[in-house]
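Student: I'd like a close look at one single part of this protein, and then a walk outward from there to the rest of the chain. Could you take me through it in one go?

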Amino acid sequence: MGLLAWWIATRLHPRLATRSSHPVTWIVLILIVTVLISYALGYDRGLLPPESSGADRYLIVLASWVGVALVAADGLRTRRDLDRVIGAMVTLSAVSAAVGWLQFYGIDLAPYFRPPGFVYNADLVGVGLRGGPGLSRVYGTQQHYIEFGVVLAMVLPFAIHRALATSNRRTSYLRWTTVALIAGAIPLAISRAGFLGLITGLVVLGLAWPNRMKLWGFLGLVVGMAAFRTAIPGVLGTIKSAFLNYDADPSIQARLADFAATSAYIRDRPWFGRGPGTYVPELYRVLDNQFLGSFLAVGFIGTLALSSVFFTAIIIGRHVRRNATWDVDRHLGQTVTASAAVALITSLTFDSLAFPTFAGIIFFVFGMSGALWRLRDTHEPAPPGVPSLTSPLRAEHPREEMA
């Protein structure tokens with residue numbers, strides 16, 4: 001919310017404002033107007049006290065999402081700013097992954113991450129078990145195992161981009177170690193959504209690579225999974241069983257039952273829903289599908305507005321990938337597309353926007369796409385790029401390798 005206030009202040013100060021044109025601002029405006037209409041119509045039907053509190057809280061949370069997106073879109077003024085913030089996101093995600101690795105081996109540092117004067121308003125999910133003894137299910141610094149796996153899967157394409165985009169050998173080793181740390185931690189969540197996000201991100205990112213680079217990437221994935229399975233037996237097998245035995249999995253059955261349980265509510269208010277934040281799990285039920293929950297809360301129109309956050313990032317990323325001059329920009333565009341695709345696909349498997357780290361990152365990626373739209377082909381000095389897994393792409397030879 002502080003970021004939103006800052007962004008509004010820059011609109012009012014001619015020297016601070018970044019006068020630029022990009023789709024992010026218009027999508028944010030559409031989203032806000034749609035949610036406010038749904039909010040007003042929700043109150044018009046009459047709300048129970050928990051529903052009223054949920055609706056008010058949703059507006060506060062929406063303001064925080066919007067603040068992140070708008071400051072990312074307009075506040076990152078140079079490519080150096082953009083790269084620096086991406087680096088911070090990857091580094092902090094690596095810290096979260098490291099915490100997850102320690103949790104897997106019985107050392108949980110998450111309860112100690114508490115600023116002085118603060119207290120928890122909910123219990124931590126704690127390290128769980130799934131698939132048999134000795135297979136800890138970890139959550140890193142997130143609120144749930146699923147969020148941990150999905151968030152790392154969203155950040156992994158950016159970690160790979162940074163590793164590919166450097167020509168310094170020492171820096172390259174460090175960045176590839178970060179990639180391995182993050183990628184290896186995703187299966188430790190023992191989550192279908194996290195593993196689905198991992199594969200989605202790698203496939204979408206690899207679509208832009210030349211054939212030789214795709215081959216090296218595939219070989220790297222095979223070797224990495226073989227090494228992981230050898231070092232930590234049982235984890236990948238448990239995830240495989242979770243996919244194959246879906247018909248006997250109670251969590252899958254509960255997700256399918258959500259459609260029948262909510263259909264009457266959707267038919268009653270199909271266009272703008274029952275009001276944002278009013279489908280309170282304590283009163284109704286937990287929904288493990290973000291878009292189904294959005295249909296209930298803000299209706300068909302509101303869900304379209306919310307979905308546009310995901311699709312705008314994907315479309316802008318693809319546009320930059322196709323039209324930018326420098327290969328490093330083109331690869332970053334595809335990276336944004338891959339991260340947003342992970343968020344979109346996994347949101348069909350859990351109530352993603354109820355989790356703050358996921359929500360913060362997807363709105364940051366959304367805002368980042370607007371910054372990339374502005375900053376494509378602006379470099380000082382020209383950056384290195386990425387043609388293959390063995391040698392960095394030279395920025396002075398734009399378009400020479402990337403498909």
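Tutor: Let's start in the loop between α6 (169–185) and α7 (192–206), where Ile190 sits. Keep in mind that this is a predicted model. The phi angle of Ile190 is near 45 degrees, a positive value in a residue that isn't glycine. Is Ile190 buried or exposed? Its relative accessible area is 2%, so Ile190 counts as buried.

Now zoom out to the whole chain. It has 403 residues, and buried ones make up 50% of them. You'll count 13 helices and two strands. Take the contacts with a separation of 6 or more: 76% of them come from residues 24 or more positions apart. On the outside, the chain exposes about 18700 Å², with carbon and sulfur atoms supplying 65% of that area.

Next, the inside. The largest nonpolar core holds 93 residues, and the members that touch the most others are Phe158, Phe358 and Phe363. Which helix gives the most to this core? That's helix α5 (residues 145–164), with 14 residues. Click on Phe158 and set aside the neighbours within four places in sequence. What's left in contact with Phe158 is Ile86, Met89, Val90, Leu332, Thr335, Val336, Ser339, Val365 and Met368.

While you're there, find His331, which belongs to helix α12 (residues 327–346). His331 has a relative accessible area of 0%, so it is buried. Its side chain makes a polar contact of 2.8 Å with the side chain of His161.

Another buried spot to check is Leu292, in helix α11 (residues 290–323). Leu292 counts as buried because its relative accessibility is 7%. Which residues does Leu292 contact, leaving aside neighbours within four places in sequence? They are Asp258, Phe259, Thr262, Ile266 and Leu287. Pick Thr262 from that list: Leu292 and Thr262 are 30 residues apart along the chain, and their C-alpha atoms are separated by 8.5 Å.

On to the charged pairs. Side chains of opposite charge can pair when their charged atoms come close. Searching the whole structure turns up seven salt bridges. One of them joins Asp74 to Arg11, with the closest N and O atoms 4.0 Å apart. This pair links distant parts of the chain, since Asp74 is in helix α3 (residues 49–75) and Arg11 is in helix α1 (residues 2–12), 63 residues apart. How do the two partners sit relative to the surface? Asp74 is buried, at a relative accessible area of 5%, whereas Arg11 counts as partly exposed at 21% relative accessibility.

Then look at Arg274 and Glu51, whose side chains meet in a salt bridge at 3.6 Å, N to O. Arg274 is in the loop between α10 (250–268) and α11, while Glu51 is in helix α3, so this pair ties together parts that are 223 residues apart in sequence. Arg274 and Glu51 are both buried. They also belong to a salt-bridge network that links Arg45, Glu51 and Arg274.

For a pair within one helix, go to Asp81 and Arg84. Their side chains meet in a salt bridge of 3.2 Å, N to O. Both lie in helix α4 (residues 79–104), three residues apart, which is about one turn of the helix. Asp81 counts as partly exposed because its relative accessibility is 21%, and Arg84 counts as exposed because its value is 51%.

Let's finish on the surface. Which residues form a nonpolar patch there? Trp26, Leu29, Val33, Ile37 and Leu41 do, and together they have about 470 Å² of accessible area. Trp26 is in helix α2 (residues 23–45). With 58% relative accessibility, Trp26 counts as exposed. To close the loop, set that beside your starting point: Trp26 is exposed at 58% relative accessibility, whereas Ile190 is buried with a relative accessible area of 2%.

Definitions and conventions
Residues numbered from 1 in each chain as written. Predicted model: local features only at pLDDT ≥ 70, side-chain atom pairs only at ≥ 80, totals over all residues. Heavy atoms only, no water. Patch = residues over 30% accessible without salt bridge, like charges linked within 9 Å, V, L, I, M, F, W, Y side chains within 5 Å. Areas by Shrake-Rupley, 256 points an atom, 1.4 Å probe, with all protein chains shown as cover. Helix = DSSP H or I, 4+ residues; strand = E, 2+ residues; numbered from the N terminus. Buried < 20%, exposed > 50% of the residue type's maximum accessible area, 1.4 Å probe, protein only. Core = buried A, V, L, I, M, F, W, Y, C linked by side-chain atoms within 4.5 Å. Contact = heavy atoms within 4.5 Å. Polar contact = N/O pair within 3.5 Å; in protein donor to acceptor, adjacent residues only side chain to side chain.
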